[in-house]
Amino acid sequence: MMQKIIFISGATSGFGKACAYKFAAAGHKLIINGRRQERLFEIAKEIEKKYNTAVMPLTFDVRDENAVFEKINNVPQEWKNIDVLVNNAGLALGRDYFEEASLEDWNIMIDTNIKGFLYVAKAVSQIMAAKNNNAGCKGHIINLGSVAGKDVYDRGNVYCGTKFAVDAISKAMRVDLLRHQIKVTAIHPGAAETEFSLVRFKGDEATAKSVYDGLNPLTAEDVADTIFYCATLPENVCINDLTITCLRQANGIYFNRE
Ligand code: NDP
Ligand code: 8X3
C-alpha cells in the first residue's frame, strides 16, 4: 500500500471525523482541520495511538482567508505532498422562509460553504499543481456537496444555494485542473445523522432529531466509506459526481418515512 497524505477540513465531527478514522485505519497520514482545537487535538492523539500513523492537527477557521493560506502554505516540507483533499467543512444555519431568514445565518453559510470552501481548495490545488510528476495523477480533491445542491427544498434557500455553488464550482475545478491531472469528485449526501442538524437548529436537540424520524438515515461512516472508495480507485479512474441517500430518501424533497 502506498501511504498517502490526506487533508480533511472539518474533521472534528461528522463526515470529516469519520474520514479521518477510515483513512488512518488504512495507514495513511492525515492533516486534520477544524475550529474546535481541543477536540481536534484529542482526535489526532486518539488516531495516532490507535492506528500508529502520523496526524497533524491544523486549527483554523476556513472563513479566514489569511489563516487558510498561511497555515496550508506553511505545513512542514514532509507534509506538503498532499495527495487527497476532503473539502468538507460546512454547515447549514436555520430552516426559515426566505423573507424571514436571518441575514447573519446567510452570511455565515456563504462565507463557510462557498468562500471558505474555495480558499481551502485553492490553497491545496496550488500545492498539487506544483508537483513535478507530470505523468501521473497529481492529487484528488473531494468536495462535499449535498442533495440540497441538486434540488432546492422549501426553506432551504441559501443553504441550497451554497451547495448548488459547490456543485458548479466542482464542475469548474474539474475542467480547469484537468491539465494538471488532478481528480475532482463531488459527493452529494442526503440526510445523515451527524452534528449537522444540531448546528442548523442551534442546539435544539428535539428539532434536530426529528429530521431523521422514521428514516434510518445515513451514518457518517457510510459517507466516509464512500469517500474512501472514491479516493482509492485506480489512478486512471475518477468518479466525478456521486449522490448518496439512505433507502428512504429519493432526493432533497422526497422521503418515505416509516
Ligand atoms: P458536522 O456538523 O457533524 O461537521 C461539520 C464540520 O465542519 C465540523 O468538524 C466543524 O468543525 C467543521 N466546520 C464548520 N465550520 C467551519 C469553519 N468555519 N472552519 C473550519 N471548520 C468548520 O456536519 P457533517 O459532517 O454532516 O457535514 C460535513 C459537510 O457535509 C458539510 O459541508 C455539510 O454541509 C455536508 N452535508 C451534510 C449532510 C448531512 O445530512 N449531515 C448531507 C449533505 C451534505 P468546527 O465546528 O470544530 O469548526
Ligand atoms: C444536508 C442534507 O437534506 O438537510 O445537506 O439539505 S439536507
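This is a short walk through the two ligand sites and the internal cavities of a predicted model.

Before you click, some ground rules: residues count from 1 along each chain as written, while chains are lettered from A and ligands numbered from 1 in written order. Because the model is predicted, local features need pLDDT of at least 70 and side-chain atom pairs pLDDT 80 or more, whereas totals for chains, interfaces and linings use all residues, and side-chain values use heavy atoms, with hydrogens and water left out.

**Stop 1: ligand 1**

Select ligand 1 and show its neighbours, meaning residues with a heavy atom within 4 Å of it. You should get 29 residues, with Thr12, Ser13, Arg35, Tyr159 and Thr194 coming nearest.

Now look for polar contacts, which are pairs of N or O atoms within 3.5 Å; within protein, one atom must be able to donate a hydrogen and the other to accept it, and residues adjacent in sequence count only if both atoms are side-chain atoms. Start with Ser13, where a polar side-chain atom sits 2.5 Å from an oxygen of ligand 1. Move to Thr194 and you'll find a side-chain N or O atom 2.6 Å from a ligand 1 oxygen. At Phe15 it's the backbone that takes part, with a polar atom 2.8 Å from an oxygen of ligand 1.

How much of ligand 1 does the protein cover? The answer is 97% of the 890 Å² of accessible area that the ligand has on its own (Shrake-Rupley method, 1.4 Å probe; for residues, only the protein chains shown count as cover).

Colour by secondary structure next. Helices (H or I, at least four residues) and strands (E, at least two) are DSSP runs, numbered from the N terminus. Those giving two or more residues to the shell around ligand 1 are α1 (14-25), β2 (29-34) and α5 (157-176).

Colouring by class gives 10 nonpolar, 13 polar and six charged residues in that shell. Here Ala, Val, Leu, Ile, Met, Phe, Trp, Tyr, Cys and Pro are nonpolar, Asp, Glu, Lys and Arg are charged, and the others, Gly among them, are polar.

**Stop 2: ligand 2**

Which residues surround ligand 2? Select Ser146, Val147, Ala148, Tyr153, Tyr159, Phe196 and Arg200. By class, that's five nonpolar, one polar and one charged.

Zoom in on Ser146, with a polar side-chain atom 2.5 Å from an oxygen of ligand 2. Tyr153 places a polar side-chain atom 2.6 Å from a ligand 2 oxygen, and the side chain of Tyr159 has an N or O atom 2.6 Å from one. The protein covers 85% of the 240 Å² of accessible area that ligand 2 has on its own.

**Stop 3: the cavities**

A cavity is a set of points, on a 1 Å grid over the protein atoms alone, where a 1.4 Å probe fits but cannot get out; lining residues have an atom within 4 Å of a point. There are two cavities of 30 Å³ or more.

For the largest, about 60 Å³, select Leu93, Gly94, Asp96, Met109 and Asn157, which lie nearest its centre among 14 lining residues. α4 (103-129) and α5 each supply at least two residues of this lining, and α4 gives the most, with three.

Finish at the second largest cavity, about 40 Å³. Its lining includes Asn87, Thr112, Phe117 and Lys163. Here too, α4 gives the most, with three residues.

Definitions and conventions:
1 Å grid on protein atoms, 1.4 Å probe; cavity = no way out; pocket = protein on both sides within 12 Å on 5 of 7 lines; lining within 4 Å. Points joined across faces, edges and corners; volume = space filled by probe spheres on them.
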